[in-house]
Amino acid sequence: MQDKVFSLLGLAEKAGKIVSGEFSVENAVKAGKARLVVVAEDASDNTAKKFKDKCKFYNIPIRFYGTKLALGAAIGKELRSTAAVMDEGFANTILKRLEE
């Protein structure tokens, strides 16, 4: 299951439908462009709480998944604590995989 989620994140990145890093993800959430926020399970408590609160306020699904290393690797970057999926189709597919 884990591989499918990360490969979907990789596909979304290649399609230009991912933003990553706290600043970019926060802006996407505030702008209402994010369809799903993925936060690494080993992200700091501050980061986790900040995005949990923001996503709740803006009514955007949030999931805690994988490690910073794995999340970054999936989207071809260095360590990443957060990533936002900007495309409804990718977001729904990833959510379905996470629920399995």
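## A guided tour, beginning at Leu71

Select Leu71 in this predicted model. Beyond the residues up to four places away in sequence, Leu71 touches Phe6, Leu9, Val38, Ala40, Arg80, Ser81, Thr82 and Ala83.

Next, display the core to which Leu71 belongs. The largest nonpolar core has 20 residues, and Leu71 is among those with the most contacts inside it, together with Leu9, Ile18, Leu36, Val85 and Ile94. Two or more residues of this core come from each of helix H1 (2–14), strand S2 (36–39), helix H4 (68–74), strand S4 (82–85) and helix H5 (88–99). Apart from this core lies another, of 12 residues, including Val25, Val29, Phe51 and Ile62. As a general principle, nonpolar side chains in soluble globular proteins tend to be buried together.

Now select Ala40, one of the residues that Leu71 touches. Ala40 is found in the loop between S2 and helix H3 (45–58). Is Ala40 buried or exposed? Its relative accessibility is 1%, so Ala40 counts as buried. Leaving aside neighbours within four places in sequence, the contacts of Ala40 are Phe64, Tyr65, Gly66, Thr67, Lys68, Leu71, Arg80 and Ser81. Select Leu69 as well: 29 residues separate Ala40 and Leu69 along the chain, while their C-alpha atoms are 8.6 Å apart.

Turn next to the strands. Four of them form an open sheet with mixed pairing, in the order S1-S4-S2-S3. At the edges are strand S1 (18–20) and strand S3 (62–64), each of which pairs on one side only. From one strand to the next, the twist averages 20 degrees. Focus on S1 and S4, which run antiparallel and are joined by three bridges. Select Val19 to find one bridge position: its partner in S4 is Ala84.

Add helix H2 (residues 22–30) to the view. Helix H2 packs on the sheet and touches S1, S2 and S4. The direction of H2 makes about 130 degrees with that of S1.

Finish at helix H5. This helix has 12 residues and reaches 16 Å from its first C-alpha to its last, close to the 16 Å expected at 1.5 Å a residue. Which residues of H5 are buried? They are Phe90, Ala91, Ile94, Leu95 and Leu98. These buried residues lie on the same side of H5 because they cover an arc of only 130 degrees around the axis. Rotate the view to the face of H5 turned away from its buried side, where the exposed residues Lys96 and Glu99 are carried.

Terms used
Residues are numbered from 1 along each chain as its sequence is written. This is a predicted model: local features need pLDDT of at least 70, side-chain atom pairs count only at pLDDT 80 or more; totals for chains, interfaces and linings use all residues. Side-chain values use heavy atoms; hydrogens and water are left out. A nonpolar core is a set of buried Ala, Val, Leu, Ile, Met, Phe, Trp, Tyr and Cys residues joined through side-chain atoms within 4.5 Å. Buried means under 20% relative accessible area, exposed over 50%, partly exposed in between (1.4 Å probe, protein chains only). Helices (H or I, at least four residues) and strands (E, at least two) are DSSP runs, numbered from the N terminus. Contact means heavy atoms within 4.5 Å. Two strands pair if DSSP finds at least two bridges between them. Axes are lines fitted to C-alpha atoms, for helices over the stretch in contact, and angles run from 0 to 180 degrees between N-to-C directions. The expected span of a helix is 1.5 Å times one less than its number of residues. The arc is that of the directions from the helix axis to the C-beta atoms.
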